Amino acid sequence: MRSLPAIAALALGLAVPAGLAATQSLPGSKTAKDRAAWRALLHWPTSCEKTWQQAGNPGGAGISVWKLNSEVRLVEVSCYLGAYQGTEMLFFARTDGRVSKALPLLIYEDPGSGTPKAHSRTMILGSMAFSVAKQRLTVLDKFRGVGDCGIYSTFGLTNDQFVPVEVRAKLACNGKPPYDPARWPKLPLPHG
């Protein structure tokens, strides 16, 4: 696994938006103005912004930021907040204004057949959580609101990308245990 100082080496893969100073501070993460500032920096798709606005979230930012080191932040952008989960996008941003493109995740999805398939996606369905200390991202894609079924994916931050380290799934929405996604049966790790 790559160390936090090594993540500062993201400079090779990060674009520098025109007109940004080398010591630019990054936007906040609370208001609609903060969201607009992040959008001007990260340039996420119009489809993401449109669904955010249509969902009736005009006053909030829908942005989460984690400090990876003194220069690099992981930024989660909410595109849609559903009844129990939404869609999200991830980016790296540096304090000097350099940013990554949307980060892809190789993640299992159930296309409706009951057989999950792995796909590379930049817009992720599910509830995300990130642990800075462990360098782990989790995504819980619930199949229904009670959360008794779905796909639970864990990713490690390695070489400036998120790599699947464990995937669990409970495909039967039957109201029976196990209810804890960390106890669901494992799926094979997806390969890109």
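Here are a few questions and answers about a predicted model, covering its open sheet, two helices and largest pocket.

Visitor: Which strands stand at the edges of the open sheet?
Guide: Happy to walk through that one. Four strands make up this sheet, in the order β1-β2-β3-β6, with antiparallel pairing. A strand at the edge has a single partner, so one side of that strand is left without a neighbour in the sheet; this applies to β1 (63-67) and β6 (124-125).

Visitor: Which residue in β2 does valine 65 stand opposite?
Guide: Start with the two strands: β1 and β2 (residues 72-81) run antiparallel and are joined by five bridges. Valine 65 falls within β1, which spans 63-67. Its opposite residue in β2 is valine 75.

Visitor: At about what angle to β2 does helix α3 run?
Guide: Two helices are worth viewing together here. Helix α2 (residues 32-42) lies across β1, β2 and β3 (86-94), and runs at about 110 degrees to β2. Helix α3 (residues 46-54) lies across β2 and β3, and its angle to β2 is about 55 degrees.

Visitor: Which element gives the largest share of the lining of the largest pocket?
Guide: This pocket has a volume of about 180 Å³. Two elements give two or more residues to its lining, β4 (105-109) and β10 (161-170). Among the lining residues are Leu105 and Leu106, as well as Gln161, Phe162, Val163 and Pro164. The largest share is four residues, and it comes from β10.

Visitor: How many residues of that lining are nonpolar?
Guide: The lining includes Leu103, Pro104, Ser120 and Asp160. Sorted by type, one lining residue is charged, two are polar, and the nonpolar ones number seven.

Conventions
Residues are numbered from 1 along each chain as its sequence is written. This is a predicted model: local features need pLDDT of at least 70, side-chain atom pairs count only at pLDDT 80 or more; totals for chains, interfaces and linings use all residues. Side-chain values use heavy atoms; hydrogens and water are left out. On a 1 Å grid over the protein atoms alone, a cavity is a set of points where a 1.4 Å probe fits but cannot get out, and a pocket is an open set with protein on both sides within 12 Å along at least five of seven lines; lining residues have an atom within 4 Å of a point. Grid points are joined across faces, edges and corners, and a volume is the space filled by probe spheres set on the points. Ala, Val, Leu, Ile, Met, Phe, Trp, Tyr, Cys and Pro count as nonpolar, Asp, Glu, Lys and Arg as charged, and the others, Gly among them, as polar. Two strands pair if DSSP finds at least two bridges between them. Contact means heavy atoms within 4.5 Å. Axes are lines fitted to C-alpha atoms, for helices over the stretch in contact, and angles run from 0 to 180 degrees between N-to-C directions.
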